Amino acid sequence: MLFVYSKFKGSYWENYEPEKRLAILQAVEKKMARKTHREIVPVIVNNTFPDTLLGAFQTRGRTKAIFINPILLTEHSLRFHALETIIHEGRHAYQCMVIKGKISPLNFKAKEWKRNYSGYFSANEDKTLYSYQSIERDAQRFTIKMLKRLAFKYRNEEAFAQTLENNIARYEQAELDARKEFGLFYKHKINKRIKQKSGR
């Protein structure tokens, strides 16, 4: 799909039906997958998601998918949240590819991701741990980086500016919350909790 990012501009997006919007999100996933040299995964609507959950990457055996909340396809104001969700969950697909491959003993980041996947904390278990664990921090950073690269294209879109601002604020708040809850050595304490849960 040519010029896929331009389709998120309000004057275009508002004219698309949900099926077309889903096809656009799948095209973004295809673009991101090629960028990071990983397999393309299907983007699937999950009608059981609560409004607070916009998306999730899931893998069962060889089956992988990005599930999204249907409100991303129906609420015009959430179009850039739809974009950031695909970027964020696609980063998890990349992480999954890395940890399932052969990991060099010197690839400390991949080893950390693998341990984190084994000792993953969901937001329901502990919101602070969830937001600050390494695979989430990496996906947050990657999403912010990609959104910043698109900022000029969407310079006249207030919804984009707000979405980028929200991502940055959420990233910064996660560190403040971690420091507040776990104290001075919060990074060490969080990694220890993940390591304990993973059994590694």
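Which residue forms a salt bridge with Glu84, and how far apart are the closest N and O atoms? I'll come to that pair in point 3; here are my notes, taken in order.

1. First, a reminder that we're looking at a predicted model. Going through the charged side chains, the count comes to eight salt bridges. I've picked out a few of them below, then a hairpin.

2. Start with Glu157 and Arg79. They form a salt bridge, with the closest N and O atoms 2.6 Å apart. Glu157 sits in the loop between helix H7 (134-150) and helix H8 (158-182), while Arg79 belongs to helix H4 (residues 79-100), so this pair ties together parts that are 78 residues apart in sequence. Have a look at the surroundings too: Glu157 is buried, and Arg79 is buried as well.

3. Now back to the opening question. The partner of Glu84 is Arg170, and the closest N and O atoms of this salt bridge are 3.5 Å apart. Here again distant parts of the chain are linked: Glu84 is in helix H4 and Arg170 in helix H8, 86 residues apart.

4. Are the two ends of that bridge buried or partly exposed? Glu84 has a relative accessibility of 6%, so it counts as buried, the cut-off being under 20%. Arg170 comes out at 44%, and therefore counts as partly exposed, because that value falls between 20% and 50%.

5. Helix H8 also has a salt bridge of its own. Glu175 pairs with Arg179, their closest N and O atoms being 3.9 Å apart, which is within the 4 Å limit for a salt bridge. Why are they about one helical turn apart? Because they are four residues apart in helix H8.

6. On accessibility, Glu175 is at 25% and so counts as partly exposed. Arg179, at 41%, counts as partly exposed too. This pair also has company: Arg137 joins Glu175 and Arg179 in a network of salt bridges.

7. Leaving the charges aside, take a look at the hairpin. Strand E2 (residues 55-60) pairs with strand E3 (residues 63-68) in the antiparallel sense, over six bridges. If you want a spot to get your bearings, find Thr59, whose bridge partner in E3 is Lys64.

8. What does the turn of this hairpin look like at Gly61? There are two residues between the strands E2 and E3, and Gly61 takes a positive phi near 65°.

Conventions. Residues numbered from 1 in each chain as written. Predicted model: local features only at pLDDT ≥ 70, side-chain atom pairs only at ≥ 80, totals over all residues. Heavy atoms only, no water. Buried < 20%, exposed > 50% of the residue type's maximum accessible area, 1.4 Å probe, protein only. Pairing = 2+ DSSP bridges.
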